[in-house]
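Me: I am new to this structure and should like to understand the terms by which it is described. Please take me through it, term by term.

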Amino acid sequence: MKNPLLRLLDLGQSIWLDFIERTLLTSGRLQRLISDDGLRGMTSNPTIFAKAISAGNHYDEDIRRAASQADQAARSVGRVVEAVMVEDVRRAADIFRPVYDSTEGADGFVSIEVRPALAHDTSGTIEEARRLWQACDRPNVMVKIPGTRAGLPAIERCLAEGININITLLFSVTRHREVMNAYLGALEQRAAAGQPLDRIASVASFFVSRVDTNVDKKLDAIVKSAAPDDQKRRATALRSKLAIANARLAYEAFEEVRRGPRFTAVAAKGARGQRPLWASTSTKDPSLPDVYYVEALIGPDTVDTLPPETVDAYRDHGDPKVRINDDLAGAHAAMHELAALDIHFDAVAQELEDEGVKKFSDSYNELSQTIAEKLKSLLAA
């Protein structure tokens, strides 16, 4: 039987690897994932880079080279961190370039993230996104910008300037709609200026399992409380259902916008849709199947980012079938039921956004500390 990962591609869903590491790029393993499993892209974030760089000495030469630059600014830890990330992203983008070319710019992207500390700084985000885009110098790179309130104008500005953007840390359908509007606004600006639209690419990274991690704790608190038995039964029935419901409602919004007059107008001029990307789809709850979220969110014109272990699991026992629109009525009902239990999803989404920014900021600080220590030992040597 055909590899389940390749069958996902047949159903219109692209699988991107949520991982980057130097030996993956240099050993031929990434090329094999592309050839054998139909891998179509790659994402990175500070957490992934922190783990990769602390794991061995594969990056020592890059760190030494960046630190030896004549320009004093290049010797700062921040610039060395950036140089190391850019080098991996450029290498990965070159490996994915045949995918990008064969799909005429529809796939084959590698993402690099602006510093998490800029999540609430619009002008700083724009400046750094421009610098990363220029440094990577590859058409199949996406710069990741958090979908915070301050991130929205930065996203629109950068897209209007022709920078591919991966909007990250999306948790609510409301913010997803705002991100889609920012994308359309950027395309409309380019169209009005007579600029091409056909190679502008963007994905909206909608986080999944983290929603259940947050909401299930609140539901469990109701079950353990002195609440009436009816409320406890309703809370138990909602466990591990909100993340999938929320993502399906996000896809419903995507389809609505795709059918709307604004997108129809720019599509006639060559624009592509801004695909939903399912992030954080590895299973955190050990009581759930390891491909629980992957199976539920299969649908055309979507991307799913999987860590290596989930790629292996799906290759082994995935069951591809389009399920993204299954039980939309139930998805809406689950949101209403959550509110009836006095758990307000807008507050949940804000908690998750704040938590996500902090986690990535902590990882970036950890990455900077790792490189600072390596710099110290390398320069001493």
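Me: Which residue of β2 is the bridge partner of Trp16?

Reply: The bridge partner of Trp16 in β2 is Gly41. A word on the source: this is a predicted model, in which local features need pLDDT of at least 70 and side-chain atom pairs count only at pLDDT 80 or more, while totals for chains, interfaces and linings use all residues. Residues are numbered from 1 along each chain as its sequence is written, and side-chain values use heavy atoms, with hydrogens and water left out.

Me: What makes β1 and β2 a pair of strands?

Reply: Strands (E, at least two residues) and helices (H or I, at least four) are DSSP runs, numbered from the N terminus. Two strands pair if DSSP finds at least two bridges between them. β1 and strand β2 (residues 41-43) have 3 bridges, in the parallel sense, so they satisfy that definition. β1 is also joined to strand β8 (residues 302-306), by 5 bridges, and these two run parallel. Ser14, for instance, has Val303 as its bridge partner in β8.

Me: Why is β1 described as largely enclosed?

Reply: A residue is buried under 20% relative accessible area, exposed over 50%, and partly exposed in between (1.4 Å probe, protein chains only). In strand β1 (residues 13-18), 5 of the 6 residues are buried, and therefore the strand is largely enclosed by the rest of the structure.

Me: Which other strands pair with β6?

Reply: β5 pairs with β6 in the parallel sense over 4 bridges, and Ile167 has Ala204 as its partner in β6. The route from β5 to β6 passes through α9, and this β-α-β crossover is right-handed. That term applies if, with the strands pointing away from the viewer, the path from the first strand over the helix to the second runs clockwise. β6 and β7 also pair in the parallel sense, over 5 bridges. In β7, Leu277 is the partner of Ser205 and Trp278 that of Phe206. Trp278 also stands opposite Asp304 in β8, and β7 and β8 pair in the parallel sense over 2 bridges.

Me: How do the side chains of β6 and β7 point, and are they buried or exposed?

Reply: In a regular strand the side chains alternate between the two faces of the sheet. From β6, Ser202, Ala204 and Phe206 point one way and Val203, Ser205 and Phe207 the other way, and all are buried. From β7, Arg275, Leu277 and Ala279 point one way and Pro276 and Trp278 the other way, and all are buried. With 5 of its 5 residues buried, β7 is therefore largely enclosed by the rest of the structure.

Me: How do you know that the span of α9 agrees with its number of residues?

Reply: The expected span of a helix is 1.5 Å times one less than its number of residues. For the 20 residues of α9 this should be 28 Å, and the end C-alpha atoms are 28 Å apart, which agrees. Among the buried residues of α9 are Met180, Tyr183 and Leu184. Just after α9, Gly194 takes a positive phi of about 75 degrees.

Me: What makes a space a cavity rather than a pocket?

Reply: On a 1 Å grid over the protein atoms alone, a cavity is a set of points where a 1.4 Å probe fits but cannot get out, whereas a pocket is an open set with protein on both sides within 12 Å along at least five of seven lines; lining residues have an atom within 4 Å of a point. Grid points are joined across faces, edges and corners, and a volume is the space filled by probe spheres set on the points. The structure holds 2 cavities of 30 Å³ or more, and the largest has a volume of about 80 Å³. Its lining includes Met180, Tyr183, Leu184 and Phe254. The elements that give two or more residues to this lining are α9 (173-192) and α12 (242-259).

Me: What is known of the largest pocket?

Reply: The largest pocket has a volume of about 670 Å³. Of the 31 residues that line the pocket, the closest to its centre are Asp18, Asn45, Arg210, Ser280 and Lys284. α10 gives the most to this lining, with 5 residues.
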